[in-house]
Amino acid sequence: MAHLDWQYDPAPESAAIGRLRERYQLFVNGRFVDGRGEDVKTINPATEEPLAIVSTAGRADIDDAVHAARTAFDGPWSRLTPAQRGTYLFRIARGIAERARELAVVETLDNGKPIKESRDVDIPTASAHFFHHAGWADKLGHAGYGPAVRPLGVAGQVIPWNFPLLMAAWKIAPALAAGNTVVLKPAETTPLSALVLAEIIADADLPPGVVNIITGAGDIGAALVNHPGIDKVAFTGSTEVGKQIQASLAGTGRKLTLELGGKAANIVFDDAPIDQAVEGIVNGIFFNQGHVCCAGSRLLVQESIVDEVIAKLQDRISTLRVGDPMDKNTDVGAINSAGQLATITSLADAGDAEGATRWTSPCPLPDRGFYFAPTVFTDVSQSMRIAREEIFGPVLSVLTFRTPDEALAKANNTPYGLSAGVWTEKGSRILGMASALRAGVVWANTFNRFDPTAAFGGYQESGFGREGGRAGLAAYLDADDEPRTIDLDAADPNDADAMLAAALDEEIEDLLPPPPPASATADPIIDPDRVAVTKTYKLFIGGAFPRSESGRTYRASGGVDGSIVANVAQGSRKDARDAVSAARSAFGKWSRATAYNRGQVLYRVAELMEARRTEFVGLLGGGGTNERVVDAAIDRWVHYAGWTDKLAQVFGSANPVAGPFFSFSTPEPTGVVAAVAPADDPLLGLVAVLAPIIASGNTCVLLASPAWPLPAVTLAEVLATSDVPGGVVNILTGGPLEMAPHLAAHADVNALDLTGVNAAARPDLERAAAGTVKRVYSPGPQDFRRPPGTARLRAFLEIKTVWHPTGAVSLGGGGGY
Ligand code: NDP
């Protein structure tokens, strides 16, 4: 048969549909205004031609925008009923849908992405995001964060250039649905679609100031997130800038969510449907020119099929049409900026220099504009930069593996943890891999699927917080439902919370059982002159009781009048490191234990404490009050034992995504949590901090109260004789403020609980935590006597979303039969 050499005819979308204006302004307080920064030109990366002039913000514009957002929050926006707020979001969703074709053209012209992607993915998903969240506005009480959740206030939001309108929708829609107002800064190179969205918002008649959009570069982003009038910061972008923002917010108490970079593994097993997998690999890395935080940029192929997969992949990539993004047949468009093109080029050059083998698609590239041909590197080793760093371009690094365990080890060998892909026909393997991959989204036999109902966000240095679905709402709500300590004398009678707490306090006092009568203590065999044995307590690390590496101890007392005296180990930096390594070793097994099993283990701790109840009461100083404290601590174990098998049911979800996929989200433990127990509540506070951390499968390094270490070390003895595996809980005594900085900076600690740290010491610890994007729970004073909420549990849970096509896997990774 004769070889058919045919080409697609050009099918360009008309740029006129974008109705670009010559000049764009900021959107502040419901009006389009000139900013006090310098005008910039935004260019079409496909042609390098200027598209429009954009006015940019100066510092005073940020003040104006934040002020407008605050005024709208304090006034008209908060006075609306939730249903009315929802109606505005419905209007925005409709507005986007009505102007979809125009928006697609604007997006493609400004960003360089293929028109078929703007048209079929970005714009419809942005509209769907507003639609989904519109419906949440009057149902927030059903979202699982308590019936009376409240908005946070003014949100400062900074977004990148890779999905300009979609990221704006991901940020604005949940913020408004939860009742907040916003100031959003799009990326300097892609401001246009956000400013068209501003027109849609103005047309929807939202009260002025509810949404403000200010343009400018990174310095304006930095000034916005650090503005004192902001209550909540949401950022999507590079891990490097995310860390800077987390550090700069240390100690401010402002709520932060970060959606950062990734280096996703896309894993292909030898039983995978290879043609479909090849489509998924292509989609995973070449969708949006690879400018995707969750791109499948590390391909892991089982060794036995690597030649076949690479050959098919190269064949398929050779057919991708690279070029004019406005052509409806284009598969891979322009790189967004000259700067990004330089980054991609230099990382690819590093691949050559480090010895990988480069293959480049033979596609022709346009003479003008920023383009990078689809590229595949083989002979890649894990240490190479192209296997470790986010390239954010159409460059795939291929590694191989022999066994599922090796695939898993390689996939998880990254500080990131945003997404992963798995290709196999085996259902059990899909679910096994999905649960063992440390990533916030796992696509099985598909890739790069997004839906407003399906939570999206990272583990580890890919950031924290979720966007989308019920889980995403938490980012914009004051959802800390742990009971707070309230100074009743100072409480404002008009503060409903304080008054409720006061009423509860009285109720609780009434409900508490009376202290048992004191027992007779006279005992004829007691020698009143007996010299007591002084006990020496060591640290509790990995299930054993080592001495402190420093060799230091200090004398601590307990009991009535300090009559119980003991030597207690004074932990050091080295002990803290040993404890982290013990906690890390224990994490795998403990996190995989069944929820039922963890529940049993926690319940057993309660039983063992009950058996030593009198001893604990004595350590606290005896008396009826302390009996009640010990009882409450025992009951707290029971409470959290009962939570272990509810977490997935309460915080997980089935996601009704649009398309032939089954998607679910499920909570998973964060990892190793370092916690500082409250200094003044040495037993109940300690248990209240520790139990929720380990109930959900985390392991813990706990710094005990320095003034009252004896209840903690006695609890360590209880734990050592319990069924809690060694290393799950590690208790260090000594000076917490000496050890905490090391834990905050330790790369293998995933999260910090600063409950026991005073306000003065928090900023430094929170800043140190930003170095590895640790999750930090830094609550105000809490009243541990009251029934706990769920915030302590949620603080150390990640939400993982899993997708799979329904029916047989079709080409393109979608569903079908
Ligand atoms: P950045 O993280 O620098 O930019 C993201 C957004 O943050 C932009 O709006 C940017 O403004 C703004 N910004 C920059 N510096 C600060 C700051 N100090 N404080 C607050 N906001 C700031 O990403 P880049 O655009 O520079 O891309 C660099 C690399 O980041 C890419 O090569 C890619 O690897 C990664 N990246 C990852 C993304 C993701 O979704 N995970 C998205 C984008 C990039 P402006 O752009 O106007 O200067």
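This note goes through the ligand site and several individual residues of a predicted model.

1. The ligand and its pocket. The ligand of this predicted model sits in the second largest pocket. It is surrounded by 27 residues, of which the closest are Ile159, Trp161, Glu188, Ser238 and Cys293. Several elements contribute to this shell, among them helix α7 (218-225), strand β10 (232-236) and helix α8 (239-248), each of which supplies at least two residues.

2. Polar atoms facing the ligand. The side chain of tryptophan 161, already listed with the closest residues, places an N or O atom 2.6 Å from an oxygen atom of the ligand. Two further approaches involve the protein backbone: a polar backbone atom of leucine 260 is 3.0 Å from a ligand nitrogen, and a backbone N or O atom of alanine 222 lies 3.4 Å from a nitrogen atom of the ligand. Taken alone, the ligand exposes 850 Å², and the protein buries 83% of that area.

3. Valine 301. This residue belongs to strand β13, which spans residues 298-302. Valine 301 has a relative accessible area of 0% and is therefore classed as buried, the limit for that class being under 20%. Beyond its neighbours up to four places away in sequence, valine 301 touches Val268, Val306 and Val309, and also the run formed by Val398, Leu399, Thr400 and Phe401. Its C-alpha atom is 32 Å from that of glycine 339, a residue 38 places away in sequence.

4. Glutamate 668. Which side chain makes a polar contact with the side chain of glutamate 668? The partner is tyrosine 459, at 2.7 Å, and Tyr459 also appears in the list of residues in contact with glutamate 668, together with Ser435, Arg438, Phe796, Leu797, Glu798 and Lys800, once neighbours within four places in sequence are left aside. Glutamate 668 lies in strand β24 (residues 661-669), and it counts as buried because its relative accessibility is 10%, where buried means under 20%.

5. Proline 273. The loop between strand β12 (265-268) and helix α9 (274-286) holds proline 273. With a relative accessible area of 12%, proline 273 is buried, and its contacts, leaving aside neighbours within four places in sequence, are with Glu425 and Asn445. From C-alpha to C-alpha, proline 273 and glycine 242 are 38 Å apart in space, with their positions 31 residues apart in sequence numbering.

6. Positive phi at arginine 19 and aspartate 205. A reviewer checking backbone geometry may wish to look at two residues other than glycine: arginine 19 has a positive phi near 45 degrees, and aspartate 205 has a positive phi near 65 degrees. Arginine 19 lies in the segment before strand β1 (23-24), whereas aspartate 205 is in the loop between helix α6 (192-203) and strand β9 (211-213). Are these residues buried or exposed? Arginine 19 counts as exposed because its relative accessibility is 53%, with the limit for exposed set at over 50%, and aspartate 205, with a relative accessible area of 52%, is exposed as well.

Note on methods: Residues numbered from 1 in each chain as written. Predicted model: local features only at pLDDT ≥ 70, side-chain atom pairs only at ≥ 80, totals over all residues. Heavy atoms only, no water. Helix = DSSP H or I, 4+ residues; strand = E, 2+ residues; numbered from the N terminus. Buried < 20%, exposed > 50% of the residue type's maximum accessible area, 1.4 Å probe, protein only. Contact = heavy atoms within 4.5 Å. Near = heavy atom within 4 Å. Polar contact = N/O pair within 3.5 Å; in protein donor to acceptor, adjacent residues only side chain to side chain. Areas by Shrake-Rupley, 256 points an atom, 1.4 Å probe, with all protein chains shown as cover. 1 Å grid on protein atoms, 1.4 Å probe; cavity = no way out; pocket = protein on both sides within 12 Å on 5 of 7 lines; lining within 4 Å. Sits in = over half its atoms within 2 Å of the grid points.
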